[in-house]
Every structure is written in structure tokens, then in C-alpha cells.
Amino acid sequence: MDELLAGLDALAAEDLAPLFGPALLDRLRPLLAAQNRLAAEIARTVRECEVSGAAEVDGLKTTGSWLRGHAHLSTTEAARVVRTGRALVHLPALAAAFTAGAVTAEQAGVIARVAEPEHLAAAAEQRVDLAVVDAVLTDVAREAPCADTAQAVHHYIDQLDQDGPEPDPTEGRRLAIVKHADGSITGRFDLDAVGGEKLQTALESVVQADRCAGDERTRTQQLADALVQLCDNQLAAGSLPVLRGHKPRVIIKIGAEDLFGPDSGPGAAEMGSGATISAARARWLACDGAVTRIVMGPDGMPLDYGRTVRLVPPQVRRAAEVRDGGCVFTGCGAPTWWCDVHHLLEWINGGETNLENAALLCERHHTKVHHGFRVERQPDGRWRTWRPDGTEI
């Protein structure tokens, strides 16, 4: 591993400015092959981590959650790596080509679908020679673009179940959301025909009701605005499921001087998810009675209940949600609505019910902390986590 890192350091130190077209392409080709080989080793290692339960060492349940929390992979990418690692066990031809750098990580992830449990079971029932399928699909991946590989895999899976029972449409539904540094989000979703029709019908009703003369928004902007409006309507109606004993709400943290001041104040307000917005935008949201306003300051809601109350009251929970933004256990990305409020010093041992003694933890990590793990908030506001043996994660 040290030699590999040293080699990468040497590559990074090379000056590319003197190189031109052919020389750059000659440099790029082996780099791409090396990238594929590294991806294959990652997938193979991830599989062994999954088999051995290695993520438990850091208090996490699955290898996928470890990849999201510690390697900072997106939900979609982490799932692809895990799926690929599992599939390589059943697809030796793919594994060999991947290890040799002839197949990309994306192609391997696509072909890995044929080794999902339901597809393996269907192939075994129909006496499909999986070795032949493995070899054919690997050859396609070697010679053809990724889109052709995906089409070949899709065709194979369709052929497995030509006359089977109508599949459950919910099994193919997926929604992946990625949050960016500025708090904005992008996403990808896959819906069956019926689910897609429901979504389009709901969005179209809002789009058509909001048409006005001089509207210069593009079609995609209209649909995005309609989706946000649907969320607004549901939040305002108050009929959404209760989360941890509280109705879901949009939370904004802003100093009193910014809230009541005249300036636009870029980045002066922080939302519950950690995104920052301007003071002007916060004032706009605060005008809506369906939005809960939290003012953090000496004149705001009382946050310290001492030992007169054991269960954390709503005001303290909302303040903890604003401060922590989700589970504070290292490597966990659980949102606020999955979390309990944990007493850092247990109430039964003299701990007070206040913000200083509170930490947001998801159910799994709340249990972990009560079984030896420990979380602690540093003076700079950063949370740190220790294993039962005293080593830090």
C-alpha cells in the first residue's frame, strides 16, 4: 500500500504542461485501467468487510452506512459498490476482467444486477448457465459502451421472467437525494408506471393552477416549483406523520438582531439541515404562521430545565436539532427525525435536562452509547466518538 501511495505521489508531481494531445492520451489510458483495477480491489475489500461485519468496529450496522459516513460516498454510490462486491463472488469472468482493468466500476455495477438474490434464484429454477451469462455480459462490457451493457443486462433480466406473476411495483421504486455544500439538493428517482402517473398528475395540477400571463419559467422550473408547493401544502395542512413525538416543521436559527434588522444579511440564518440562507429569506419564512421561529438568545425560549424535568421538552429538542443537524455519532448521517435526545450525563446520575447536556442520536447509536461507546462535544462545537476500548473513531 505504501508503494502504491508513493507511485501516486510521483504521478501527481509530474508536470503535464509540456505534453500535448497524443502524449496526454497515452498517459490517460493506463490511468483509467488503473482506476478500474483500484475500483475492483475496493469492491473486493468491501465484500470482505461485509462478510466479517467490520463496520461494527466503528459502531455502524452495515458496510454501506460506513461508506456513506466515513468514505463520504453518496447513498447511490455506496449501494453500487456493495452490490458489486457481492456479485463478483458469483461472476468470476466479470471479476477477472474488472481486476485486469478492462471493465469500469460503472459497468461492473450494472452487470452486478444479474447476481441479485431474486435473479440468481430465477436463473437456477430455469437452469440457466450463469457462467455463460457471465462471460457474454463481460465481453459486452469489454467491447461496448456502458449503455449497451445496461441494455444487455436489462434484456437478460426481462427474459428471466417472461410469464411470471405481475411484479410488485413498489420493489423498483428508488429515490436518492444528495445534499451539496450550500444546502441545495439534487436527486434521482425511479418510479413504476402507476407511481409515475400519480406524481405527474399531482405536479401538473399545481402547474396548471399556477399559470399566469407573462410566466417566463421553463417547464422544468415549473415542475420544480410545483414539487416544493406540494410539500408546502402538506406541511401547512398538519396531517403529516408525527416524528419523534413532534409535528414535522422547517427550523431556522437566526440571531435576534438579524431577524429584526433591515439588512439582507447573506448567510445569517441556518436551517435545521445545516444549509445557510439570508436574513431576508428567514424573515420571509417567519411571516408564515406555519413555520416555527426559534430565536436563540437571552430573550428566547428557555432551554434549561435543570432536574425538574426528565423527558426533554419540545423547546430543547428543537434547539438540539438546529445545533446538531442529525445524529452526532461519527460516520452516521441519520437525519434529525430519526434521532432521540440523549442525556450525555444520564438523568439518573445527576444529569440535567438542558441543551448543554443533550445530544441527538439515532436509535441504533443511542443504544451503542448505552453499551460502551461515548460521544462528547468539544468547545469548538465538533462532536467526537470513542469506542468501548477507549480508542477514538
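H72 is found in the loop between α3 (63-70) and α4 (75-88) of this predicted model, where helices (H or I, at least four residues) and strands (E, at least two) are DSSP runs numbered from the N terminus. Phi of H72 is near 60°, a positive value in a residue other than glycine. Most residues other than glycine have a negative phi. H72 is exposed, with a relative accessible area of 67%; exposed means over 50% relative accessible area, buried under 20%, and partly exposed in between (1.4 Å probe, protein chains only).

R127, in the loop between α7 and α8, also has a positive phi, near 55°. With a relative accessible area of 78%, R127 is exposed. Positive phi values also occur at glycines: G53, just after α2, takes about 70°, and G101, just after α5, takes about 85°. The table sets out these residues.

| Residue | Place | Phi |
|---|---|---|
| H72 | loop between α3 and α4 | near 60° |
| R127 | loop between α7 and α8 | near 55° |
| G53 | just after α2 | about 70° |
| G101 | just after α5 | about 85° |
| G183 | turn between β1 and β2 | about 90° |

**Basis of the model**

Residues are numbered from 1 along each chain as its sequence is written, and side-chain values use heavy atoms, with hydrogens and water left out. Because this is a predicted model, local features need pLDDT of at least 70 and side-chain atom pairs count only at pLDDT 80 or more, while totals for chains, interfaces and linings use all residues.

The predictor's confidence in each residue is given as pLDDT, from 0 to 100. The protein chain has a mean pLDDT of 83, and 88% of its residues reach 70 or more. Among its elements, α5 has the highest mean pLDDT (94) and strand β6 (residues 294-295) the lowest (47). Over residues 289-303, pLDDT stays under 50; the model has 34 contacts beyond four places in sequence for this stretch, a contact being heavy atoms within 4.5 Å.

**Overall composition**

The protein chain has 15 helices and 10 strands. Of its 393 residues, 32% are buried. Among contacts between residues at least 6 apart in sequence, 53% join residues at least 24 apart.

**Helices and cores**

At 1.5 Å a residue, the 32 residues of α2 (21-52) should span 46 Å, the expected span being 1.5 Å times one less than the number of residues. The end C-alpha atoms of α2 are 46 Å apart, which agrees. The buried residues of α2 are R27, N36, A39, A40, A43 and V46. What covers them includes α1 (2-13), α3, α4, α5 and α6.

In α5, the buried residues are L94, A95, A97 and F98. They pack against α2, α4, α6 and α8.

A nonpolar core is a set of buried Ala, Val, Leu, Ile, Met, Phe, Trp, Tyr and Cys residues joined through side-chain atoms within 4.5 Å. The largest has 29 residues; those with the most contacts inside it are L91, L94, F98, I111, V114, V153 and Y156. Two or more residues of this core come from each of α2, α4, α5 (92-99), α6 (105-111), α7 (117-125), α8 (130-143) and α9 (146-160). Leaving aside neighbours within four places in sequence, I111 is in contact with L91, L94, L137, T138, A141, T149 and V153. A second, separate core of 19 residues includes A319, C339, L355 and C362.

H119 lies in helix α7 and is buried, with a relative accessible area of 11%. Beyond its neighbours within four places in sequence, H119 is in contact with R113, V114, I157 and L160.

**A strand pair**

Strands β1 (residues 174-179) and β2 (residues 185-190) run antiparallel and are joined by six bridges; two strands pair if DSSP finds at least two bridges between them. R174 stands opposite D190 in β2. The two strands form a hairpin with five residues between them, and G183 in the turn has a positive phi of about 90°.

**Cysteines**

The structure holds zero disulfides, a disulfide being a pair of cysteine sulfur atoms within 2.5 Å. The sulfur of C327 is 3.8 Å from the closest cysteine sulfur, in C332, too far for a bond. C332 is likewise in no disulfide. C327 counts as buried at 9% relative accessibility, whereas C332, at 21%, counts as partly exposed.
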